[in-house]
Amino acid sequence: MSIDYYNDKLLGPADPPPFTLLNETGKAPLILFCDHAGRAFPRKLGNLGLSQSALDQHIAWDIGIANVAAILSRNLDAPCAMANYSRLVIDCNRRLDDPTSIAQESDRTFIPGNHGLDQKARDQRAAEIFRPYHIAVDKLIKAKLAGGVLPAILSLHSFTPVMNGFQRPWHFGILWNRDPRLPLPLMARLAQLPHVCVGDNEPYSGRDEHGFSIIAHAEEMSLPHALIEIRQDLISDDAGVSRWSAKLEGTLKGLLADPNVFYSPAAK
């Protein structure tokens with residue numbers, strides 16, 4: 001590619017790709033994706049004017065969730081798509097017309113590099129980061145359907161243990177809206193594990209339709225789905241990732257063998 005080509009692009013040859021695919025041909029009737037897995041920044045944007053300490057916090061990414069996703073993808077033999085760029089560059093779980101798609105402030109932290117953007121700058125982030133990631137997720141789903149497999153869809157996230165002074169008690173939060181096929185048995189099975197606290201639409205609600213990915217890739221296609229949140233302090237190191245991934249893995253193995261998860265809503 002010529003230098004002029006890259007001069008007109010946001011991402012250059014030294015930047016990572018917008019997404020990573022794991023176990024792309026995995027055989028499980030399941031697709032995983034992580035909208036906030038990575039915290040890369042295009043070299044052209046620097047650190048958006050933020051300190052490294054700010055970029056290590058939850059405002060930049062979902063701490064620990066990429067490692068959980070990698071374990072689940074491998075052990076469940078499920079394809080997984082992970083967004084590589086920080087949610088501060090563009091949030092892959094927000095509609096492009098959402099004011100928080102490119103946040104000017106996050107958890108009371110001012111984001112200097114996101115102020116005063118013209119439409120071209122916003123469109124570049126959407127075209128080179130947001131859309132390629134969602135096209136990749138869509139291709140994983142279409143490949144399953146083309147193979148005669150109705151996949152369950154799981155969006156993986158992590159949440160802070162404290163928000164506005166409130167100590168969040170949940171280990172797992174399951175977000176869902178109208179489709180009970182996957183979330184209800186998932187919550188029931190997780191709640192049976194010793195010393196596990198499960199939040200039903202906690203610490204956020206799947207009913208506010210604020211997110212984008214589950215709506216676009218699961219609700220609109222009538223696929224069984226849920227969004228799983230794991231508390232970040234539980235998966236902030238390798239030991240925690242291993243422990244809590246194992247709890248989720250065992251639960252999901254049982255669910256993927258349950259035909260009630262995969263019935264057609266129209267058939268009930």
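**Figure 1. A nonpolar patch on the surface of this predicted model.** A residue counts as buried under 20% relative accessible area, as exposed over 50%, and as partly exposed in between. L145 has a relative accessible area of 35%, so this residue is partly exposed. To find L145 in the view, follow helix 4, which covers residues 119-146. On the surface, L145 joins L150 and M221 in a nonpolar patch. Together, these three residues have about 200 Å² of accessible area.

**Figure 2. The largest pocket and the residues that line it.** Here we look into a space of about 830 Å³. The lining has 38 residues, and those closest to the centre of the pocket are H36, R87, R94, Y204 and H210. Two or more lining residues come from each of strand 4 (105-106), strand 6 (152-159), helix 6 (213-217) and strand 11 (225-231). By character, the lining of this largest pocket is made up of 16 polar, 12 nonpolar and 10 charged residues.

**Figure 3. The second largest pocket, with helix 4 in its lining.** This pocket holds about 210 Å³ of space. Its lining consists of 15 residues, and E24, K139, L140, A143 and K144 lie nearest the centre. Welcome back to helix 4: the largest share of this lining, seven residues, comes from that helix. Strand 1 (19-22) also supplies at least two residues. Nine of the lining residues of the second largest pocket are nonpolar, while three are polar and three are charged.

Definitions and conventions. Residues numbered from 1 in each chain as written. Predicted model: local features only at pLDDT ≥ 70, side-chain atom pairs only at ≥ 80, totals over all residues. Heavy atoms only, no water. Patch = residues over 30% accessible without salt bridge, like charges linked within 9 Å, V, L, I, M, F, W, Y side chains within 5 Å. Areas by Shrake-Rupley, 256 points an atom, 1.4 Å probe, with all protein chains shown as cover. Salt bridge = Lys/Arg side-chain N within 4 Å of Asp/Glu carboxyl O. Helix = DSSP H or I, 4+ residues; strand = E, 2+ residues; numbered from the N terminus. Buried < 20%, exposed > 50% of the residue type's maximum accessible area, 1.4 Å probe, protein only. 1 Å grid on protein atoms, 1.4 Å probe; cavity = no way out; pocket = protein on both sides within 12 Å on 5 of 7 lines; lining within 4 Å. Points joined across faces, edges and corners; volume = space filled by probe spheres on them. Nonpolar A, V, L, I, M, F, W, Y, C, P; charged D, E, K, R; others polar.
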